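Let's take a walk through a protein structure together, one stop at a time. Keep the picture at hand and find each residue as it comes up.

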Amino acid sequence: MLHSAQDIQWMTHALRLAAHGLYSTTPNPRVGCVIVKQGQVLGEGAHLKAGEPHAEVHALRAAGEQARGATAYVTLEPCSHFGRTPPCADALVNAGVSRVVVAMQDPNPLVAGNGIARLQAQGIAVTVGVCEAQAKALNPGFILRMTQQRPYIRLKVAASLDGRTALANGVSQWITSPEARKDVHHWRAQSCAVITGISTILQDNASLTVREVKTPRQPLRVILDSQLRIPIDAKVLQDGHALVAYAHGEAAKLEILQVMGVRTLHAPNVQGQVDIAAVMQALTAWPCNEVLVEAGATLNGAFLQSGFVDELLLYYAPKLMGDAARGMFALPAWTQMADIHTLDIMDLRQVGQDIRLQARLKP
C-alpha cells in the first residue's frame, strides 16, 4: 500500500522521537508520537522509561485542547490495557483526535490489534503500516520476546582482517581502534544484558559496563562459567548487577556470590557445560529485549550452533595476525559447503580505521 508523503514525513519524525528511548525504555518498546493539525506540530513525545507516561500521553499533554480534530502519528499501536499506566487508546479517544496513523501493530498479545479496534469503534480513522519496516527495526528485541518468547541476540566480534581475535597467548588488547570500541558501547547501552564466557573474564578481567556513552542504566552482565571459576574480585561482579550461569561448583562460592548480590543460575546441559537455552529462558523472564554476546571463539561457536544468534556485529581492523592466532568461531570441521553458515549483510561501514559489518544468518 502506498502512503502519502505527508504521512511518511510525520511518522519519520515520530521514529526519531522514539529513538530517544534507545538506551532507557527496556523492557518496554521504544515509541514516539506526534500530534499534527493543518501541517503544524501541536505536541510530541517519546516513551523514555518503563512506568513513566507513554509517548501518546506526552504528546497529548503538549497539544492540550488543540488535539481535538488532529492526527496522531504513533510508531506502535496505542495500548488498550491497564499496565503501569492507563490505555493510550482511551487517551487518544478522550482527546478527540480524528485520525491515528500507526507504524506497526503491537506484537504484545495483550494489545495485538485491540488498540486499533478500540479507536475505530469510536469513529476514529486509523491507518496502519506507515514506515512499518523502520518501526520494527527500532524494537527487534521487544517483537521477538512477544512473538517467540526469547530476546534478540547480537553477537559481536573484534578481529583482524584475517579473522583473528587474539594472539596465540591470549593477548587481544587492542585489535580495533578507539572509535570502534566506542561504537561497541552504544550497542552495550541499548542491550538489556551482555553475555561473556569465563575465559574472557580470566584473560581480560573485563567489566563489560557502558562507559563511552551516557546512559541511565547498565546492562545485566551474564557470565557463562561451567565450573564456577570466576574470581570473587572480578571487575564484572563488583556492583552486583551480574548473573553467573554455571553447571557445577562449590556451595561455599555460591553463597559468597549471593551475599555479594550476584544472581546465580544452575543450568547444566548433558555435556556438563552451561545450557544456552536455559540462559535464554532466564533472560526472557528477566525480561530482556536485546542481548549482546561478547565472548571468545568457543562461546561464539556455541552460540552460532545453538540457533539463537539473530545478528552478527563484526569489527575488522586493518591488521594481519597470522594463522597461529586465535580465530573468531570454534565450529565443526564441515566437509560440505551446504553445512556452513551463510549470512545476509545488513550494513557495512567504516568506523575509525576499522570496518563494521552487520549481518543476519540465513535460515
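Arg356 and Asp183 are both buried in this predicted model. Their side chains meet in a salt bridge, with 2.9 Å from N to O. The two residues come from distant parts of the chain: Arg356 sits in strand E14 and Asp183 in helix H7, 173 residues apart. Side chains of opposite charge can pair when their charged atoms come close.

Now look at helix H7 itself, which covers residues 178-189. Which strands does helix H7 lie across? They are E6, E7 (193-197), E11, E12, E13 and E14 (354-361). Against E12, the helix runs at about 165°.

Those strands bring us to the sheet. It is an open sheet of nine strands with mixed pairing, and its order is E10-E9-E8-E7-E11-E6-E12-E14-E13. Try tracing that order on the screen from one end to the other. At the edges you will find strand E10 (263-266) and strand E13, each of which pairs on one side only. From one strand to the next, the twist averages 20°.

Let's stop at strand E6 (residues 152-160) and its partner E12 (residues 311-317). The two run parallel, and seven bridges join them. As a place to look, find Ala158, which stands opposite Tyr315 in E12.

Strand E6 also holds Ile153. Is Ile153 buried or exposed? Its relative accessibility is 0%, and buried means under 20%, so Ile153 counts as buried. Among the residues that Ile153 touches are Met280, Val291, Val293, Phe303 and Phe308. Take Val293 as an example: Ile153 and Val293 are 140 residues apart in sequence, yet their C-alpha atoms are 7.2 Å apart in space.

Another residue to find is Arg154. It forms a salt bridge with Glu290, and the closest N and O atoms are 2.7 Å apart. Arg154 lies in strand E6 and Glu290 in strand E11, so this pair ties together parts that are 136 residues apart in sequence. Both Arg154 and Glu290 are buried.

Arg154 has a further partner. The side chains of Glu311 and Arg154 meet in a salt bridge, at 3.3 Å from N to O. Because Glu311 lies in strand E12 and Arg154 in strand E6, this pair ties together parts that are 157 residues apart in sequence. Glu311 is buried, as is Arg154. Step back a little and you can see a network of salt bridges that links Arg30, Arg154, Glu290 and Glu311. For the whole model, the count comes to 14 salt bridges.

Next, find helix H6 (residues 140-148). This helix packs on the sheet, where it touches E6 and strand E11 (290-294), and its direction makes about 135° with that of E6. Why is H6 described as largely enclosed by the rest of the structure? Seven of its nine residues are buried, which is the reason for that description. The buried residues are Pro140, Gly141, Phe142, Ile143, Leu144, Arg145 and Met146. Their cover includes helix H5 (132-138), E6, helix H10 (276-285) and E11. After H6 comes Gln149, whose phi is positive, near 55°.

From here we can move to Lys319, in the loop between E12 and E13. Its relative accessibility is 37%, so Lys319 counts as partly exposed. Leaving aside residues up to four places away in sequence, Lys319 touches Ser160, Leu161, Asp162, Trp174 and Ile175. Compare this with Asn300: it is 19 residues from Lys319 along the chain, and the C-alpha atoms of the two are separated by 21 Å.

Our last stop is on the surface. Which residues make the nonpolar surface patch of about 540 Å²? They are Leu161, Leu320, Ile345, Leu348 and Ile355. You have already come across Leu161, as one of the residues that Lys319 touches. Ile345 belongs to strand E13 (residues 343-351), one of the edge strands of the sheet. With a relative accessibility of 58%, Ile345 counts as exposed because the cut-off for that word is over 50%.

How values were computed
Residues are numbered from 1 along each chain as its sequence is written. This is a predicted model: local features need pLDDT of at least 70, side-chain atom pairs count only at pLDDT 80 or more; totals for chains, interfaces and linings use all residues. Side-chain values use heavy atoms; hydrogens and water are left out. Patches are made of residues with over 30% relative accessible area and no salt bridge: like charges are joined within 9 Å, nonpolar side chains (Val, Leu, Ile, Met, Phe, Trp, Tyr) within 5 Å. Accessible areas come from the Shrake-Rupley method with a 1.4 Å probe; for residues, only the protein chains shown count as cover. A salt bridge is a side-chain nitrogen of Lys or Arg within 4 Å of a carboxyl oxygen of Asp or Glu. Helices (H or I, at least four residues) and strands (E, at least two) are DSSP runs, numbered from the N terminus. Buried means under 20% relative accessible area, exposed over 50%, partly exposed in between (1.4 Å probe, protein chains only). Two strands pair if DSSP finds at least two bridges between them. Axes are lines fitted to C-alpha atoms, for helices over the stretch in contact, and angles run from 0 to 180 degrees between N-to-C directions. Contact means heavy atoms within 4.5 Å.
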